[in-house]
Amino acid sequence: MTRTAFVVGAGLGGLATALRLVHRGWKVVVLEQGPEPGGKLNRYEQDGFRFDTGPSLITLPHVFDRLFAIGGVDFRERLNPVRLDPLFEYRFSDQSRFTYSSELSYLTAEIERLTGSTEDIDGLYRFLELGAKLYNLSEKTFFDRPPLARPRFKDLSLLLSAPKRHAWSNYKKSVQHHFKDPRMRQVFERYPTYVGATPEKAVGTLALIPYMELAFGGWYVPGGIYRIVQELRNLVIQAGVRIKYNVAVSDISTENGSAVGVETSTGDSLKSDIVVSNADPGSIHRITNGKAGRELKSDQRSMSGFVMLIGLNKKLKNIRHHTVCFSEDYNREFSQIFNERRFPDDPTVYVNIPSVTDPTTAPAGAESVFVMANAPADPSAWTPEFQAEAVRRVQARLTASGMPDLFANAQFVEYWTPARLESDYSAPGGSIYGQVSHGWRGTFIRPSLKDRKINNLYYVGGGTHPGGGTPTVLMSAEIVSDVIGNRSE
Ligand SMILES: Cc1cc2nc3c(=O)[nH]c(=O)nc-3n(C[C@H](O)[C@H](O)[C@H](O)COP(=O)(O)OP(=O)(O)OC[C@H]3O[C@@H](n4cnc5c(N)ncnc54)[C@H](O)[C@@H]3O)c2cc1C
């Protein structure tokens, strides 16, 4: 008899799991509360401008290859992803600039130019060596299966073979050990923000992120990264999955401690053999009044963001696809976000202009500009008055960093605050990566892929194992599909 699964949410993880399960012979229905698929990986279009509202850079493209192969499609041929080089232009508060390339000879020459010494080039090599060891270790353990699911002697020996001091200690200390120039430190301290964490509290293991980016590249998909979702949705539908939009799951139905289906906002009670939630376990905890999921308290949430999408009526000169304008005091910025839980006075501002690489994203003579600053995962501050103040701080940083006035020539600006991320995608507090990867616990003991109290209820996506970010969300779909498959096939 065909077994049935409801997937709660059509985010990247929900769609990927639906594809994997339907190809294992399951009958799958996806229930999405919003009007379209994608979740945080989404897009916005206005007046001929097209923006990705979420991810602007994808890494580990081979993980996307594996998923699309399940649907019989070659990811590279279908989407033609392009490897961006240089990856970033960094602008520091002392007015110096640094071009970050994944071409090592170029990168090392830039380090020598910026710092006037070769000392940090040695540091870079040692830091990347550490990242490579940690990546290889993660591939065989953390990225491959549920934590502690099948403890093996092999895992233990792998763990013991990891470089001890800098891998298992604090990320910021590790960066400070490897790099001497304060600007190089700032560049590498930024990487924990890829998972919504502060370098101060992240573990050294996150050194694998800059390694992955340099070794496997940072990629863009012409037409917009949202094309990944559109293609994936097509594959899922062709394989026989039904996706129902504008249907919010309001409760998980249970009998004798097992999930037997879902209750919906449309008043339906739907039965299935299993339920897979792409909603954060914290969100499931809230809607089920603590019956299922895991509470995500405000101090356990990864960062959110304040995003401005600018339809710019002008072509910019001498500008990169990705620019990062660093704040003057990175420590203070993180302290304001995580300790004081407020939007920073002087935010680091990330500017992504895909029309530099891909003219199809903006009308002729114009640019589509995505501007983002990190913010605490707390929607309460975002009144219209506060939003205007946050824009002022972002503008001040852009001006101080020598960026052209993006707001003066704006045809329109569309704002995404933590409050909108929470209301549109049920991201707790607007948190982008679910539970924050701080310390050992936060990084390695993430909310479980299988509910701890309710049988037949599983989780997929950035809020569970291995964590947030597009490739890890796809790994989560691989692991949970295997867990479901192994228990019942
Ligand atoms: C501004 C921003 C920038 C980012 N930049 C990058 C980047 O450069 N690179 C990168 O790799 N990643 C980036 N990310 C992170 C990346 O987008 C996420 O990690 C990933 O898309 C999350 O996928 P997910 O499967 O966890 O699902 P989500 O995107 O969280 O989707 C969950 C879905 O479930 C639905 N849902 C929730 N509750 C219910 C319910 N009760 N009933 C029905 N449906 C429900 C939601 O509406 C949503 O569609 C960024 C994200 C944002 C917001």
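Is R342 buried, partly exposed or exposed? R342 is partly exposed, with a relative accessible area of 30%. The model is a predicted one. This briefing covers the surroundings of the ligand and the salt bridges, one of which joins R342 to E340.

**Ligand surroundings**

- The shell around the ligand counts 37 residues, and G13, E32, K40, G462 and T470 come nearest.
- By residue class, the shell consists of 19 nonpolar, 15 polar and 3 charged residues.
- Three helices each supply at least two residues of this shell: α1 (12–22), α15 (418–425) and α17 (470–488).

**Polar contacts of the ligand**

- At K40, a backbone N or O atom is 2.7 Å from a ligand oxygen atom.
- At V249, a polar backbone atom is 2.9 Å from a nitrogen atom of the ligand.
- At N278, the contact comes from the side chain, where an N or O atom lies 2.9 Å from an oxygen atom of the ligand.
- Of the 1,000 Å² of accessible area that the ligand has on its own, the protein covers 93%.

**Salt bridges**

- The structure holds 25 salt bridges.
- Side chains of opposite charge can pair when their charged atoms come close.
- R43 and E36 form one salt bridge through their side chains, with an N to O distance of 3.1 Å.
- R43 counts as partly exposed because its relative accessibility is 25%, and E36 is also partly exposed, at 26%.

**A salt-bridge network**

- R332, E340, R342, D345, E389, R392 and R393 are linked in a network of salt bridges.
- Within the R342 and E340 pair, the closest N and O atoms are 2.8 Å apart.
- E340, the partner of R342, is partly exposed, with a relative accessible area of 44%.
- E389 and R393 also meet through their side chains in a salt bridge, at 2.8 Å from N to O.
- Both E389 and R393 belong to helix α14 (residues 384–400), where they are 4 residues apart, about one turn of the helix.
- E389 is partly exposed, with a relative accessible area of 23%.
- R393 has a relative accessibility of 12%, so R393 counts as buried, the limit for that class being under 20%.

Conventions: Residues are numbered from 1 along each chain as its sequence is written. This is a predicted model: local features need pLDDT of at least 70, side-chain atom pairs count only at pLDDT 80 or more; totals for chains, interfaces and linings use all residues. Side-chain values use heavy atoms; hydrogens and water are left out. A residue is near a molecule or strand if one of its heavy atoms lies within 4 Å of it. A polar contact is a pair of N or O atoms within 3.5 Å; within protein, one must be able to donate a hydrogen and the other to accept it, and residues adjacent in sequence count only if both atoms are side-chain atoms. Accessible areas come from the Shrake-Rupley method with a 1.4 Å probe; for residues, only the protein chains shown count as cover. Ala, Val, Leu, Ile, Met, Phe, Trp, Tyr, Cys and Pro count as nonpolar, Asp, Glu, Lys and Arg as charged, and the others, Gly among them, as polar. A salt bridge is a side-chain nitrogen of Lys or Arg within 4 Å of a carboxyl oxygen of Asp or Glu. Buried means under 20% relative accessible area, exposed over 50%, partly exposed in between (1.4 Å probe, protein chains only).
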